[in-house]
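Visitor: Please take one helix of this model and look at it closely, along with whatever it packs against. A plain account will do.

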Amino acid sequence: MSLNYDFKTHWDTAYIKNSIEDLGWYEDDPLESLDLINKCNLSKKSIIFNAGAGATKLIQKLKDYGYSNIYINDISKSAIDKLKSSINNIDGLSFVVDDLTNPKDLLNLEMVDLWHDRAVLHFFVQQSKQDAYFDLLKRKVKNGGYVIFSEFAIDGAKKCCGLDILNYSEEMFRERLGDDFELLESFNYLYNHPSNGNTRKYIYTLFKRIN
Ligand SMILES: C[S@@+](CC[C@H](N)C(=O)[O-])C[C@H]1O[C@@H](n2cnc3c(N)ncnc32)[C@H](O)[C@@H]1O
């Protein structure tokens, strides 16, 4: 894939061509994410940032639980449009269509209490994109804030949505975040697609910023 590959169009096409429920990463109920978010003991007014949120059901769940300050990002406007039409109202939600690896509007994001990323970081196979992503994350997560990653595990699938993947281990997250972040929890999880039964091996991690 060339360095100039148009990822925005790639992702827009994925969301235009498929129903949300048919996407290979679709979850009816993002229980593992919610469980980790629960462990952060956030106030309902805490600032939650969803990196590459797509059309995830997590946003409606967070609203149902009373969280009222949620930032939703994606590179794909089509994904964000689908998300908007899948939730009951958009009170308390802010939408930022921007590239996590070449941020513009995201640079103006306020500091957040929680950074949540499911199945986004693992698409950044180029070192320069990883560097840009982690630079943004470290600028935007408050001291005392949390980071949740859920990516394809080290022995997991090598491709998703036609794109190459960088598989992750707990150690790789630790290395990228550095000493300012403490690992609180990590587990492997076998995802089952709710309708077609396909499985994917994920690793979930919860970190806290301590410096
Ligand atoms: C596999 S999907 C996961 C979506 C969602 N996190 C979930 O769990 O359902 C990957 C998402 O990352 C978004 N994405 C990919 N590259 C991105 C980038 N550079 N910046 C922001 N979002 C990106 C895609 O548009 C897509 O919605």
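Guide: Helix α2 is followed by N41, whose phi is positive, near 50°. This is a predicted model, and the values below are computed from it. The helix itself spans residues 31-39, and its buried residues are E32, S33, L34, L36 and I37. Their cover includes one other helix, α3 (58-64), and the strands β4 (112-118), β5 (141-152), β8 (181-192) and β9 (199-209).

Those four strands are also the ones that α2 lies across, and its direction is at about 10° to that of β9. Helix α6, residues 170-177, lies across β5, β8 and β9 as well, but runs at about 35° to β9.

The strands under α2 belong to an open sheet of seven, ordered β3-β2-β1-β4-β5-β9-β8, with mixed pairing. At its edges are β3 (93-97) and β8, each of which pairs on one side only. On average, neighbouring strands in this sheet are turned by 15° against each other, direction ignored.

Strands of a sheet pair through backbone hydrogen bonds, in either a parallel or an antiparallel sense. For β5 and β9 the sense is antiparallel, and the pairing runs over seven bridges. Within this region, S150 stands opposite Y204 of β9.

To return to the helix: β9 is thus a strand that helps cover the buried residues of α2, that α2 runs at about 10° to, and that pairs with β5.

Definitions and conventions
Residues numbered from 1 in each chain as written. Predicted model: local features only at pLDDT ≥ 70, side-chain atom pairs only at ≥ 80, totals over all residues. Heavy atoms only, no water. Buried < 20%, exposed > 50% of the residue type's maximum accessible area, 1.4 Å probe, protein only. Helix = DSSP H or I, 4+ residues; strand = E, 2+ residues; numbered from the N terminus. Contact = heavy atoms within 4.5 Å. Pairing = 2+ DSSP bridges. Axes fitted to C-alpha atoms, helices over the stretch in contact; angles between N-to-C directions.
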